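Me: I'd love a close look at one part of this model, with the pieces tied together as you go. Here it is.

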Amino acid sequence: MENEEFFKEYFIIRDELDRHCADLYKLHASHLNCKAGCDSCCMDFSIFPVEFYVIKNQVGDNLKKGIKPASDGECAFLVNHRCVIYEARPIICRTQGLPLLYMGDEHWELSACELNFTDFDFDDFTEENTFPQDKYNSRLFLLNQKFIENFPGKPFKNNDLIPLRKLFSDAENNS
Ligand code: SF4
């Protein structure tokens, strides 16, 4: 299977997730304070190889255009409180601000932004009005498994993650 086919599958998952998020953003609109300039949920993330290579392919040479990576501990792509790879940002960034439902070590856990859900009764969260984090994570995990199995030389293990900021060093090395 060629990289393009893995990338196509990734975009199917990502588009579906974007639509799901859009519906939830609409549903919770009266509670959401997400706006340009708020970057409380931006962190120095690491991501699965399949996603790393999709983003690398999508942002490509744009990273050579004089953007300086932020220091360690902050997301390298947060410049003046704005995401410089917004269109290509990873899946973990796309659900931020929403109430997220996921399976913890032993039971279901819920995470909701404190800046958004200030006066929301947490008992009102349900399976329908929260984002099912595990549903998309497991699809991404399975796609990544196929991707790394197919990767020349098989350098990655199942749970290996690549720091997103490595996109910068890769771009510099290719310039
Ligand atoms: S990639 Fe963009 S949205 Fe994601 S953490 Fe970095 S700056 Fe924030």
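At what angle do the axes of H1 and H4 cross, and within what distance do they come? Please carry on from there into what surrounds that pair.

Reply: Happy to! Keep in mind that this is a predicted model. The axes of H1 and H4 cross at roughly 175° and come within 10 Å. An angle over 145 degrees counts as roughly antiparallel, so H1 and H4 run roughly antiparallel to each other. On the H1 side, the contact is made by Phe-6, Glu-9, Tyr-10, Ile-13 and Leu-17. H4 answers with Tyr-136, Arg-139, Leu-140, Leu-143, Lys-146 and Phe-147. Sorted by type, the residues of this contact are eight nonpolar, three charged and no polar.

Now follow those side chains to helix H2, which spans residues 49–59. Its buried residues are Val-50, Glu-51, Phe-52, Val-54 and Ile-55. H1 (3–27) and H4 (133–150) are among the elements that cover them, and the cover also includes strand E1 (46–47), helix H3 (91–94), strand E7 (162–163) and helix H5 (166–173). Val-50 is a nice place to pause: beyond its neighbours within four places in sequence, Val-50 is in contact with Phe-6, Tyr-10, Leu-143, Asn-144 and Phe-147.

Val-50 also belongs to the largest nonpolar core, which has 20 residues. Together with Phe-48, Ile-55 and Leu-164, Val-50 touches the most other members. H1, H2 and H4 each supply at least two residues of this core, and H2 gives the largest share, four residues. Just after H2 comes Gly-60, with a positive phi near 40°.

Technical notes. Residues numbered from 1 in each chain as written. Predicted model: local features only at pLDDT ≥ 70, side-chain atom pairs only at ≥ 80, totals over all residues. Buried ≥ 20, exposed ≤ 12 C-beta atoms within 10 Å, placed from the backbone. Contact = placed C-beta atoms within 7 Å. Axes fitted to C-alpha atoms, helices over the stretch in contact; angles between N-to-C directions. Parallel < 35°, antiparallel > 145°, perpendicular 65-115°, else oblique. Nonpolar A, V, L, I, M, F, W, Y, C, P; charged D, E, K, R; others polar. Core = buried A, V, L, I, M, F, W, Y, C linked by C-beta atoms within 7 Å.
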